[in-house]
Amino acid sequence: MVEIGTCEDSEPWRLRLHGTHVLVAGVTGSGKGSVLWGVVRRLLPAVSEGLVQIWALDPKRMELSFGASLFTKYASDPARMVNLLEEAVEQMQERALSFAGRLRVHTPTLASPFIVILADELAFLTAYQPDRDLRRRAEAAIATLTSQGRSVGFCFVGAIQDPRKEVMNLRNLFPDRIALRMDEATQVDMVLGNGARDRGAYADLISPDPTTGAGVDYVRNEGSPTPLRVRAAYVSDTEIEALVAQYGNDSIYTVSSPLDTGSEGGSHP
């Protein structure tokens, strides 16, 4: 688990990653970047030890590119993002084959690190991808990773703005889900499951004022129908720059376009 914020009762919010997949949904400005960067910040010590790898997909080139050198692998071009996903599937299947008959539970090691695939604006690869072949390949790879990956040390963390089924038809393959500010009450149940809003997940009522509402979210963990109200800690541009200075890898394996450039990151103020 990684501590990335605070619960409503002032206890630390610890997000489970190993052994699950996480869907993060919220409208623009709701603070999805706080969740993504919170995960990155807490995993970096283990990344530096070789026990964890973070593979980043950044279709907008606006959020994760700011710290691209922090990631084991980084891609922003559609075709290369799909290649990265398919590479993850290949490695996952090779690992499953090597574990067969020997291991039932993955433990991160230097030879078998925990791999977190971090995807910002996931719908750019699926619903909004105009190339049908790329869209089909992306959906197939994501479905394979989220249905088979967690037992062998692969975690998929995907962020979306629109939770409707026609936009994200794979949402039920994510055991743990996070709903930041939503536009409509019906969207809460789309993200967190039927009845979540009736049980107190009022994500549609979160304030649009970034000083009070950004980063506030409701979490539904696997096996528990009760939503938990939390707030992700803000990770500023200055903090990301400090992380890059401390952990940045000049020899990062990037599969992004040679035209990609860095851009401003950060999330709620």
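These legends walk through several close-up views of a predicted model.

**View 1. Strand β4 and its two neighbours.**
Let us begin with strand β4, which spans residues 52–57. How many of its six residues are buried? Five of them are, and the strand is mostly covered. On one pairing, β4 runs parallel to strand β6 (residues 114–119), with six bridges joining the two. To find this pairing, look for Ala-56, whose bridge partner in β6 is Leu-118. β4 also pairs with strand β5, residues 73–75, again in the parallel sense, over three bridges. Here a handy landmark is Trp-55, which has Lys-73 as its bridge partner in β5.

**View 2. Helix α1 from end to end.**
Next comes helix α1, covering residues 32–48. Its 17 residues reach 25 Å from the first C-alpha to the last, close to the 24 Å expected at 1.5 Å a residue. Follow the helix along to Arg-42 and you will meet a bend of about 35°. A proline, Pro-45, follows within four residues of that point. Is the helix enclosed or open to its surroundings? Of the 17 residues in α1, 13 are buried, so the helix is largely enclosed by the rest of the structure. Just after α1 sits Gly-50, with a positive phi of about 85°.

**View 3. Trp-37 and Phe-71, a tilted ring pair.**
The model holds four aromatic pairs. In the one shown here, the ring centres of Trp-37 and Phe-71 are 6.1 Å apart and the planes meet at 35°; because an angle under 30 degrees would count as stacked and one over 60 as edge-to-face, this pair is tilted. Where do the two residues sit? Trp-37 belongs to helix α1 and Phe-71 to the loop between β4 and β5, so the pair ties together parts that are 34 residues apart in sequence. Both Trp-37 and Phe-71 are buried. Ring pairs also bring in Tyr-74, giving a cluster of Trp-37, Phe-71 and Tyr-74.

**View 4. Phe-124 and Tyr-128, an edge-to-face ring pair.**
Here is another aromatic pair, made by Phe-124 and Tyr-128. Their centres are 6.1 Å apart and their planes stand at 85°, an edge-to-face arrangement. Phe-124 has a relative accessible area of 34%, so it is partly exposed. Tyr-128 is also partly exposed, at 45%.

**View 5. The β1–β2 hairpin and strand β10.**
Now turn to strand β1 (residues 2–7) and strand β2 (residues 12–15), which pair in the antiparallel sense over four bridges. The two strands form a hairpin, with four residues between them. Within the turn, Ser-10 has a positive phi of about 75°. Which residue of β2 stands opposite Thr-6? That place is taken by Pro-12. β1 has a further partner in β10: the two run antiparallel and are joined by three bridges. Thr-6 serves as a guide here too, with Arg-231 as its bridge partner in β10.

**View 6. Tyr-234 in the loop after β10.**
The last view stops at Tyr-234, found in the loop between β10 (228–232) and α5 (237–247). Tyr-234 has a relative accessible area of 29%, so this residue is partly exposed. How far is its C-alpha atom from that of Ala-214? The two C-alpha atoms are separated by 8.8 Å, while the residues are 20 apart along the chain.

Definitions and conventions: Residues are numbered from 1 along each chain as its sequence is written. This is a predicted model: local features need pLDDT of at least 70, side-chain atom pairs count only at pLDDT 80 or more; totals for chains, interfaces and linings use all residues. Side-chain values use heavy atoms; hydrogens and water are left out. Buried means under 20% relative accessible area, exposed over 50%, partly exposed in between (1.4 Å probe, protein chains only). Two strands pair if DSSP finds at least two bridges between them. Rings of Phe, Tyr and Trp (its six-membered ring) pair if their centres lie within 6.5 Å; planes under 30 degrees apart count as stacked, over 60 as edge-to-face and the rest as tilted. The expected span of a helix is 1.5 Å times one less than its number of residues. The bend at a residue is the angle between axes fitted to the seven residues ending there and the seven starting there.
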